[in-house]
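Colleague: Before we begin, may I ask you to justify the terms you use for this model as we go through it?
Modeller: Certainly; please ask about each term in turn.

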Amino acid sequence: MTKPAQVMVITPHPDDAEYGVAGTVARWAREGKEIIYVVCTNGDKGTSDVKLKPDELTKIREREQLAAAKLLGVREVIFLHHPDQSLEDTPEFRKEIVRLIRMYKPETVVTADPYRRYVWHRDHRITGQVTLDAIFPYARDHLSYPDLLEEGLYPHRVKEVLLWASEDVNYRSDITDTFDLKIAALCCHESQAGHYPSPELERHLRQRHRMMAEGKGFELAEAFHRVEILW
Ligand SMILES: [Zn+2]
């Protein structure tokens, strides 16, 4: 039987979770929470290097993701290996997520907000939407997948969803003490170096997370739309 985890982070590409929730993940890990990453795509289109082959990039990005997760204290990283820019809202993808939710029984699921408007990566939109649908009602209802029941994967109720990159922020998480770890985790994604860590990026992110904490009693925050599931 799979050991449950309190938190499941479902990320479209390797590195999105570091941008979205790494500071909070590091804090949760320090508090003793068990965290699982689910990486939906292999990120094999995330380069401007014309010489780099997609399968080489896949290997590099998985390695980078594992290094970042280890640094943050994530217990396990599950790669679903879908090609980059290929996610669709299909029954198969939804069931894949339901299966993992029923296996690991997280209380909290974190993913990308699917309702960000206009320019938003399709993989982000689809990951967020499919995850929300998987949580409710598909993971919850025992008749949704009789075959999963036969495998011993029983219904599970997720209690809370946090959506990063939301235009409708209603929850701010204190990352003051783990901001440095977030930066270090982002630094693990070396293949993305074009838009990654430099003193300038660190300054930019510090400013951004300071703004996210505005009005709170702490200095730096990650911001989310939080949904509490009561039924
Ligand atoms: Zn992404």
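Modeller: In this predicted model, a polar atom of the side chain of Thr111 lies 2.9 Å from the backbone oxygen of Ile10.

Colleague: What makes this pair, the backbone oxygen of Ile10 and a polar atom of the side chain of Thr111, a polar contact?

Modeller: The cut-off for a pair of N or O atoms is 3.5 Å, and the value here is 2.9 Å. Thr111 also touches other residues, including Thr127, Leu162 and Trp164.

Colleague: Why does Thr111 count as buried?

Modeller: Buried means under 20% relative accessible area. Thr111 has 0% relative accessibility, so it counts as buried. This residue lies in strand 4 (residues 108-112).

Colleague: How do you know that strand 4 and strand 5 pair?

Modeller: At least two bridges are required, and five bridges join these parallel strands. One of the partners is Trp164 in strand 5, which is bridged to Ala112.

Colleague: Why is strand 5 called largely enclosed?

Modeller: Five of its five residues (160-164) are buried, so the rest of the structure largely encloses strand 5. Glu160, Leu162 and Trp164 are buried on one side, and Val161 and Leu163 on the other.

Colleague: Why is the arrangement around the zinc ion called irregular?

Modeller: The zinc ion is coordinated by His13, Asp16 and His124, with Asp16 giving two of the donor atoms listed. Four donors count as tetrahedral if all angles lie between 85 and 135 degrees. Here the angles run from 57 to 138 degrees, and the arrangement is therefore irregular.

Terms used: Residues are numbered from 1 along each chain as its sequence is written. This is a predicted model: local features need pLDDT of at least 70, side-chain atom pairs count only at pLDDT 80 or more; totals for chains, interfaces and linings use all residues. Side-chain values use heavy atoms; hydrogens and water are left out. Donors are N, O and S atoms within 2.8 Å of the metal (3.2 Å for Na, K and Ca); water is not among the atoms, so sites may look incomplete. Four donors count as tetrahedral if all angles lie between 85 and 135 degrees; four count as square planar and six as octahedral if opposite donors are over 155 degrees apart and all others between 65 and 115; anything else is irregular. Helices (H or I, at least four residues) and strands (E, at least two) are DSSP runs, numbered from the N terminus. Buried means under 20% relative accessible area, exposed over 50%, partly exposed in between (1.4 Å probe, protein chains only). A polar contact is a pair of N or O atoms within 3.5 Å; within protein, one must be able to donate a hydrogen and the other to accept it, and residues adjacent in sequence count only if both atoms are side-chain atoms. Contact means heavy atoms within 4.5 Å. Lists of a residue's contacts leave out its neighbours within four places in sequence.
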